[in-house]
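Q: Please take a close look at one part of this model: the place where the two chains meet. Then set that part in its surroundings.

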2 protein chains.
Amino acid sequence: MRAELISTGTELLLGQILNTNAKFLGERLARLGIDVFFQTTVGDNESRLAEVLHTALKRANLIIITGGLGPTSDDLTKETAARVLGLELLTDELSLVRIEDFFRVRGRKMPEMNRKQALMPAGALVLANMAGTAPGMIVEQAGKSIVILPGPPVEMEPMFLETVEPYLKKKLGEDRVLIVSRIIKVLGLGESTIEEKIRDLVDKQVNPTIAFLAPRGEVYIRVTAKTGTEKEAMEMIAGIENEIRKRLGDYVYGADGETMESVVAGLLKRHGLTVSVAESCTGGLIAKRLTDVPGVSENFMYGIVTYSNDAKTRFLGVSAGTLEKHGAVSEDTASEMAFGVRQAGGTDLALSVTGVAGPGGGTPEKPVGLVFIGFAEGNNVAVKRHLFTGDREVIRWQTANAALNLLRGYLMQL
Amino acid sequence: MRAELISTGTELLLGQILNTNAKFLGERLARLGIDVFFQTTVGDNESRLAEVLHTALKRANLIIITGGLGPTSDDLTKETAARVLGLELLTDELSLVRIEDFFRVRGRKMPEMNRKQALMPAGALVLANMAGTAPGMIVEQAGKSIVILPGPPVEMEPMFLETVEPYLKKKLGEDRVLIVSRIIKVLGLGESTIEEKIRDLVDKQVNPTIAFLAPRGEVYIRVTAKTGTEKEAMEMIAGIENEIRKRLGDYVYGADGETMESVVAGLLKRHGLTVSVAESCTGGLIAKRLTDVPGVSENFMYGIVTYSNDAKTRFLGVSAGTLEKHGAVSEDTASEMAFGVRQAGGTDLALSVTGVAGPGGGTPEKPVGLVFIGFAEGNNVAVKRHLFTGDREVIRWQTANAALNLLRGYLMQL
């Protein structure tokens, strides 16, 4: 089965909202093994929507359209689809009752304009809307399925999961092909270096396929298998994944839903170790990311954000002499911060960061992006120097990543 | 000028990432008064990308393609475009030098495969990439402009703003119609309450138009004007904005690029006051958000993330008796945290938060979403109780918002 997604709504073209529906549907269809080759967004305009639908009917046998089912005059998806498919629109009595009920339970009378939402192309399978007034529908014609769903994600998502997904599974029957992907996450190696290390795997890829993504200074390797059963797909992926992990070693920090912070939190828990964090340029981001992980409270004890020099001295015991001689962004300061924060509350381990996140504050000697990361274990402290590129947010993100990765490196060796 | 956007990348079709590029470009083009009628997403596949490009060339005179400029073999946007446009690919020597430099300053040798990124369609205008290795390009052919930009938003966005936008402005000349939007940001009032207060404005809207968005517990009111000059548009918007601000008062906390944290940072600076923050359930998010604002270092002195009870006692002086009697999530603990963090380093003001962010840890008495926020000024402390709904991330976000808003309320009255 080959699918095509059509998102309608001028607000999407104007960039006023993100198209989360396309992501949601893409993900769900991929799991079912249904190929999506094109996704088109079009405004609330009848002739352009008709054009897109005509094109989609030529190259796909499953078409999912979202949006344009509201009661107002710029909602015209159903009307356009009915015209393109040569179908009449008829009032669906059950839908009309449901829409009237929706207003009644809210103590309101149904506005006359909502009556339009009960109109359905003749012969359509009607999909109930549990979270709003617009029913969805499935029209079958000439071996193709045209699915029309409301635009708001709170209405579309449950409708898809409860009605469209079972419909598609039934249609796919037993001979469906599953597409299963796994993302292998790498930090500390560039995309081209990675590709060099696994070029032979990439070159001979057919199934599973290997692709690269590069979000914010990391590299994700996506391995995608296409086969009949989930078990088979997992085995095919595991074969490639093991080989990739063997080649890249500890540069691979996790896969799929694992984040740098969840991996670190898991390792801390496994080894029963506590950590504290002293942050300057990241301003709380490391603590925030660690505490994004539910249940981290037994291992992450405290964090101190020392944005001012005075706070570095007061809370972490960084010496005024060090700050004066080497500056707040220096190896020595990072070292004393890591030592100090660990001592302050007696954790097993500690991290510290100090750097120039920009956009201001850079000098030729200490440019924007220069960061020192300290790691303390007992009375031992080590410091690493980095030079990151990007804007303030990206530099802060990469700094937090590098700090957590330093901690991960230590924990991996235990 | 009529534009069409093409996003390339199988990861978009598979729903693995959100298409933020389409939103960003849609928004920027709308501001320039350039209509976007279609936006298409296509995978890393040469024939399908060629098909989409052919279609776009028929119906638009500005085509912007993002993605597929990386060094690897599944990056084929440039190659496909050159083929469709009948152009040769030639090495751009300046780009090659820039790419080699990119690696040199990082102390690495340029991998051989990155050489490919310096290939450009003959006659293309080359756009430098300040944040990565892939240059962008503009090709002009038969009165049409084809713009090709790298996929990662950190590379694409600055490249668009610094090179493509000036290029388009020049092309548009004087006779363009501008669409200007302004977002008015409201915290503390629900969407329906706001709509009641400004219903007459909404009912008579034609130009400017008024629309509502509701991200994460806030309400955004978008006012959009369509006219010939930026000055005219601004005046039209200002008229509506003043009326909205008059009706909603201090519930309006900012507009457009202003964030809760930037507004608070601005007020602190204006009044020359310092603040510190003690965080439990937000785990550093408030400090992180305040330090997202460049130059906040003279007003935000330090933050202490006390995730454990021991840390609350040790760093903030919360009494063991209070923790035992009332628990960590209580009015008394929030109060002592605010008092203690202010005292610890002697700031003028202080915020504290303690709560149950979930998903675990809720009880009938202290359910998930229960949060206490403390505010200290000198030796005076006030505590506010909130009950938020949503998942862990949303509860933490709303908690940080409410804490910063409490501080804003105080600063507004000075």
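A: The contact between the chains comes first, then the sheet that runs through it, then the rest of each chain. Bear in mind that this is a predicted model.

Start with the contact. Chain B puts in 60 residues and chain A puts in 63 residues. On the chain B side, the elements giving two or more residues are α1 (10-13), α2 (20-31), β2 (35-42), α11 (285-290), β14 (300-306) and α12 (309-316). The biggest giver there is α2(B), with 8 residues. Sorted by class, this side of chain B holds 29 nonpolar, 23 polar and 8 charged residues.

Strands pair across the contact. Strand β14 of chain A, residues 300-306, joins β14(B) through 5 bridges, and the two run antiparallel. In that pairing, A:Val305 faces B:Gly303 of β14(B).

A sheet also crosses from chain to chain. It is open, it has 12 strands, and its pairing is mixed. Read in order, it goes β6(A)-β7(A)-β8(A)-β3(A)-β1(A)-β2(A)-β2(B)-β1(B)-β3(B)-β8(B)-β7(B)-β6(B). So β2(A) sits beside β2(B) in that order. At the edges stand β6 (125-127) of chain A and β6 (125-127) of chain B. Each has a single partner strand, so one side of each lacks a neighbour in the sheet. On average, neighbouring strands are turned by 15° against each other, direction ignored.

Now look at the chain B strands of this sheet. Strand β1(B), residues 2-8, pairs with β2(B) in the parallel sense over 7 bridges. Here B:Arg2 stands opposite B:Asp35 of β2(B). Helix α2(B) packs on the sheet and touches β1, β2 and β3 (62-66) of chain B. Its direction makes about 165° with that of β1(B). Recall that α2(B) also gives the most residues to the chain B side of the contact.

The chain A strands carry a helix too. Helix α6(A), residues 153-172, lies across β3 (62-66), β6, β7 (136-141) and β8 (144-149) of chain A. It runs at about 160° to β8(A).

Move further along chain A to a set of antiparallel strands. Strand β15(A), residues 349-355, is joined to β16(A) by 7 bridges. Strand β16(A), residues 370-377, is joined to β17(A), residues 380-387, by 8 bridges. A:Ala376 of β16(A) stands opposite A:Ala350, and it also stands opposite A:Val381 in β17(A). β16(A) is mostly covered, with 7 of its 8 residues buried. β16(A) and β17(A) form a hairpin with 2 residues between them. In the turn, A:Gly378 has a positive phi of about 60°.

In chain B, helix α9 deserves a stop. Its 19 residues, 230-248, should span 27 Å at 1.5 Å a residue; the end C-alpha atoms are 26 Å apart, which agrees. B:Ala233, B:Ile237, B:Ile240 and B:Ile244 are buried in α9(B). The cover over its buried residues includes β9 (178-186), α8 (199-203), β10 (209-213) and β11 (219-227) of chain B. After α9(B) comes B:Gly249, with a positive phi near 60°.

Last, chain A as a whole. It has 15 helices and 17 strands. Its radius of gyration is 28 Å, well over the 22 Å that the globule rule gives for 414 residues, so chain A is more spread out than a compact globule. Its C-alpha atoms fill a box of roughly 85 × 55 × 40 Å along the principal axes. Buried residues make up 47% of the 414.

Note on methods: Residues numbered from 1 in each chain as written. Chains lettered and ligands numbered in written order. Predicted model: local features only at pLDDT ≥ 70, side-chain atom pairs only at ≥ 80, totals over all residues. Buried ≥ 20, exposed ≤ 12 C-beta atoms within 10 Å, placed from the backbone. Helix = DSSP H or I, 4+ residues; strand = E, 2+ residues; numbered from the N terminus. Pairing = 2+ DSSP bridges. Expected span 1.5 Å × (residues − 1). Contact = placed C-beta atoms within 7 Å. Nonpolar A, V, L, I, M, F, W, Y, C, P; charged D, E, K, R; others polar. Axes fitted to C-alpha atoms, helices over the stretch in contact; angles between N-to-C directions. Rg over C-alpha atoms; globule rule 2.2 N^0.38 Å.
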